[in-house]
Amino acid sequence: MKLRLESFGELRLIDLTGQHVAFPEKGLLAICYLLDRYLQNRAGSEYPRSALARFLWDSHDNPDIMANLRKTISRIQARQTELGTELLIFTATGVRIKPDAFVCDLFELAEPDGDGALENLRRLVAVLRQDFLAVLADQSVSTRQWIAGQRDRHMAILVDALKTALPTAQSREDISLIKEAALRIFRDAPDDENIRRILLEAYESEGQLENARRLFEASRHGLESALDIGLDVQALREVRKVFAGSQSPPSVMEPLSDDGSRVPRPLPRLVLLPPGGMDAAGALPMLCGPLIEDVTIGLCALNTVSVVAPHTAARIAGHADKAELILRHSISYVLDTRLTDHALFVQLIHASGDEVIWAERFNLEKYDLISHRRDIARRIARELAGQVRRHETMRHSFEGNSAAYHSYLLGLRDVKRLSLPDIRRSRKAFREALQHSAHFAPALSGLSRTFVVEWLLTARGDRELLGLAEDYANRAIVADPSLAAGFRELGVAKLYLGDIDESLLALKLAEELSPHYADGIASYADTLVHASRPADALIKIDRAISLNPLSPTDYLWTAAGANFALGHYAEALEQISAMDDRTPADRLSAACWAMLGDTKNARLYMRKVREIYPDFDVDKWLSVVPFKEQWQKEQYREALRRAGF
């Protein structure tokens, strides 16, 4: 039975009558991947099983991927037997496709055999109306990178075909085809001046020049004209409603209306808050306001984010309760800016989770801000657009169940407070999220965190808590290997289980997956303290604090621990004094005061610890707290003994 594999839009297998044929999705994805290798390189030889497993699931030294592959192969072989056809052939060590056993829309991107330029373009336009693998339920990092590369290559093929066909286009039908191809390219590359020129000429030949102008105006200037509309706050309630040409699967991204049609969801809203101190003397503060407006105008040309106008942004920045206004105006992302010592510090915050996604410091001293202002603005706008797009893709992957997402946000709020009642309230919220969605990776990683924090706070050395933390972290990684939080929690659990090297590896992977994930970097720093590398830990925790300047308590606790290990006891106490709640660090405070020779303060904090944990035992505690080198454990033991424990 000859089957057809469709990979543009929904990935599916259909029979000759057009009916859907059930087949494991990972099998279809493997066929696409191997077929692409075959078409590009005529690489029809056997492909190693291990390499295919890494592509489908990512390894990260996870032994389960080969088990996953074996299960998938078993399902594929069983289904092929039922269908009476063989699309994939498996050997003991490899896999290869049978390209003559099926037809696929990817064949239509191959070199044409005698087709005219216009016919070739028409075929490509028909194939590329939808993005390659636009609807795919489960993707590894490797898969996403490959898909992105394929889409870029497909657009390059279409561009070449358009250039070839352009000189031969004569009739109205030909011009219409040229315009359709150019519009498809324009959707992905709105700044390409050659495509703009082709579109302009096509619209002009059809007598629709005004339509072209409106199209370009919407793309290039966005709502630039709407930025100067006076003080009418109501008129500013939404700056723009332009939706992305490429969205996540409709089942996740778009709800159904009463008539069954898809209703596009609004774009995420971004507000850029101008830096304080704008009324200070000098050219730098004077030019920073226009710089932020330039960034705003640049973002207005995008079709992936809705930007709040500068007037409203300034009103929010000056309001006593910024959080309330951000919530009231349904703002998803906040770019907070600060001007310090000839540098502009910017950090992008996801408002509902109070999560720092990206941060950067621009040294304005090396620029002539008057002449380079627009260049800096374009750089910031480009980075912002990419960060929001990546975060939205990840967020939509787990936001399809609104009840689960709501419970997750409640858990996220409480887990940041280092007290047992808050931690247990957070655990309850994460478990409620999992009742709505059993494979909800952020809630799984959140649950893992609650068990580690309880282990730290109770100081009883309960390995069952750590076992649960490790289990939920692994489940989070299986549910979504691209989510850095799962690897972060695995690293933390491994640390306290005594597997310091494995902890460092997991946290390194978390940082590679999300280089601006401040919480992950802070956990990496904590493990470096326990790995007897306190100097490296200070570098990491300084990076985390720079990404998240209004730092949570545990950041400062880690910084204090690193300073203690280095013998910088006064600096450690300074870090502890900056904590909102210093109670979790009372043991460390007692140790620092003892090492400084201040017996009175050391005894004071020792008694505070005894009030909460009357059965605290130094030797028992140190037997379960991992330190790679013995000197560090002895330093802590001596300090606690001096403090009176």
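Student: Which residue in S3 stands opposite Ile-14?
Tutor: Heads-up: this is a predicted model, so to speak of local features takes pLDDT of at least 70 and side-chain atom pairs count only at pLDDT 80 or more, while totals for chains, interfaces and linings use all residues. Residues are numbered from 1 along each chain as its sequence is written, and side-chain values use heavy atoms, leaving out hydrogens and water. Strand S2 (residues 12-14) runs antiparallel to S3, joined to it by 2 bridges (strands are DSSP E runs of at least two residues, helices H or I runs of at least four, numbered from the N terminus). Across from Ile-14 in S3 you'll find His-20.

Student: Which strands stand at the edges of that sheet?
Tutor: The sheet is open, has 4 strands in the order S3-S2-S1-S7, and its pairing is mixed (two strands pair if DSSP finds at least two bridges between them). Each edge strand has a single partner strand, so one side of it is left without a neighbour in the sheet; the two are S3 (20-21) and S7 (102-104).

Student: What's the angle between the planes of Tyr-33 and Trp-146?
Tutor: The structure holds 16 aromatic pairs (Phe, Tyr or Trp rings, six-membered for Trp, with centres within 6.5 Å; planes under 30 degrees apart are stacked, over 60 edge-to-face, the rest tilted). Tyr-33 and Trp-146 form an edge-to-face pair, 5.4 Å centre to centre, with the planes at 85°.

Student: How many residues apart are these two?
Tutor: Tyr-33 belongs to helix H1 (residues 25-41) and Trp-146 to helix H5 (residues 141-165). Both rings also sit in one aromatic cluster with Phe-8, Tyr-47, Phe-55 and Phe-132. The pair links distant parts of the chain, with a separation of 113 residues.

Student: Is Ser-523 buried or exposed?
Tutor: Ser-523 lies in helix H20 (residues 518-530). Beyond residues up to four places away in sequence, Ser-523 touches Arg-449, Arg-488, Val-492 and Leu-507 (contact is heavy atoms within 4.5 Å). Its relative accessible area is 8%, and with cut-offs of under 20% for buried, over 50% for exposed and partly exposed in between (1.4 Å probe, protein chains only), Ser-523 is buried.

Student: Which ring does the charged end of Arg-587 sit over?
Tutor: The test asks for NZ of Lys or CZ of Arg within 6 Å of the ring centre and within 35 degrees of the ring normal. Arg-587 has its charged end 4.8 Å from the centre of the ring of Trp-621.
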